[in-house]
Amino acid sequence: MPEGHTVHRLARDLAELSGGPVAARSPQGRFAEGAAAVDGAVLRGADAVGKHLLLDLLPAGVVHVHLGMRGIFLRGDDPGRDPMPQTRLRLASDRVAWDLVAPSTCELLDEAGVAILTDRLGPDPLRLDADVGRVLSSWAADGRPIGTVLLDQAVVAGVGNVFRAEALHAVGIHPTRPARNLDEEQRHRLWEVLRTMMATAVEDGRIVTVDGPDRLSVPEAEARRVYKQEHCRDCGAPVVVSQVGGRTAYHCPVEQPDDGGA
Ligand SMILES: [Zn+2]
């Protein structure tokens, strides 16, 4: 499932459609009305909040996209080439085409709709305007496992299962430890780790948490320290797999000991 870094990267890349009118259509048909409204509009800005992509298309409104589990936005150099029939939305300039396939959400919003959406999202570590104080005090008051809290988009927006596993490992915190039992230093460190880990992933275009001279050529299956690993890449201990907050969690029993919630 795409995490926040994918959507921020997309927002950055889709900005290449700005500067002139954008041709829009929905070959698959489920966004036919929205595409018709957007056709000929000008992209004023492409923005990401957590895992939500917001394309501000003047004068039509804002196209809100959530990729969900399987969604993908594909770039093609030849706007004259036909999109795949399952393309929900094609946006094209005279130089490039972007095809959105299998998103969980693709809808046209007005300003009020955007406000409703963003109001229910917590601060996003990838945004400069993120309210860190709000996150830290939310964590300090939350009795749920930190592994559950990290996936709650209303607390922090953009963190998915890979960042959850890798960030908790980086700070040495067991995923079921209640958020409010982290001390102040651990809360600060967790936020900083999320910020830098996610920002690095935007630049890299993928999540690589292992070090090495040629880290970007590391195969996908070996790119993380605990997520979907048999053994922790730091200390070699067998990674523990469990269910936390409805998703599969991975942690190192040595570096992330279960301290009974202390
Ligand atoms: Zn370890």
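Strand β6 (residues 87–92) is largely enclosed by the rest of the structure, because 6 of its 6 residues are buried. Buried here means that 20 or more other C-beta atoms lie within 10 Å of a residue's own; exposed means 12 or fewer, partly exposed lies in between, and C-beta atoms are placed from the backbone. Strands (E, at least two residues) and helices (H or I, at least four) are DSSP runs, numbered from the N terminus.

The model is predicted: local features need pLDDT of at least 70, side-chain atom pairs count only at pLDDT 80 or more, and totals for chains, interfaces and linings use all residues. Residue numbers start from 1 along each chain as its sequence is written.

**Strand pairing**

Two strands pair if DSSP finds at least two bridges between them. β6 has pairings with β1 (residues 23–25) and with β7 (residues 97–101). The β6 to β7 connection is a hairpin through 4 residues. Another hairpin, that of β9 and β10, has 2 residues between the strands, and its Gly245 takes a positive phi near 60°. The table gives the bridge counts.

| Strands | Sense | Bridges |
|---|---|---|
| β1 (23–25) and β6 | antiparallel | 3 bridges |
| β6 and β7 (97–101) | antiparallel | 5 bridges |
| β9 (240–244) and β10 (247–251) | antiparallel | 5 bridges |

Opposite partners can be named for each pair. Arg25 stands opposite Arg90 in β6. Ala92 faces Ala97 in β7. Val241 is set opposite Tyr250 in β10.

**Helix α6 and the core**

The largest nonpolar core holds 68 residues, and Val22, Leu55, Leu57, Ala167 and Leu194 touch the most other members. Helix α6 (residues 161–171) gives the most to this core, with 7 residues. The core takes at least three residues from each of domain 1 (4–119) and domain 2 (132–251). A nonpolar core is a set of buried Ala, Val, Leu, Ile, Met, Phe, Trp, Tyr and Cys residues joined through C-beta atoms within 7 Å. The domain bounds come from an automatic or database domain assignment.

How much of α6 is buried? The helix is mostly covered, with 11 of its 11 residues buried. Charged side-chain types are on that list, including Arg164 and Glu166. The buried residues of α6 pack against α5, α7 and β10. Leaving aside neighbours within four places in sequence, Ala167 is in contact with Leu190, Val193, Leu194 and Met197. Contact means C-beta atoms, placed from the backbone, within 7 Å. Gly172 follows α6 and has a positive phi, near 70°.

**Helix α4**

In α4 (residues 132–141), Val135, Ser138 and Trp139 are buried. They line one face of the helix, because seen down the axis they fall within an arc of 95°. That arc is taken from the directions from the helix axis to the C-beta atoms. The face turned away from the buried side carries exposed Gly133, Ser137 and Ala141. The buried residues of α4 pack against α5 (146–149) and α7 (184–204).

**Overall form**

The protein has 7 helices and 10 strands. Buried residues make up 43% of its 262 residues. The C-alpha trace spans about 60 × 40 × 30 Å along its principal axes. The radius of gyration is 20 Å, which agrees with the value near 18 Å for a compact globule of 262 residues. That radius is taken over C-alpha atoms, and the globule rule is 2.2 Å times the number of residues to the power 0.38. Among contacts between residues at least 6 apart in sequence, 60% join residues at least 24 apart.

Conventions: Contact = placed C-beta atoms within 7 Å.
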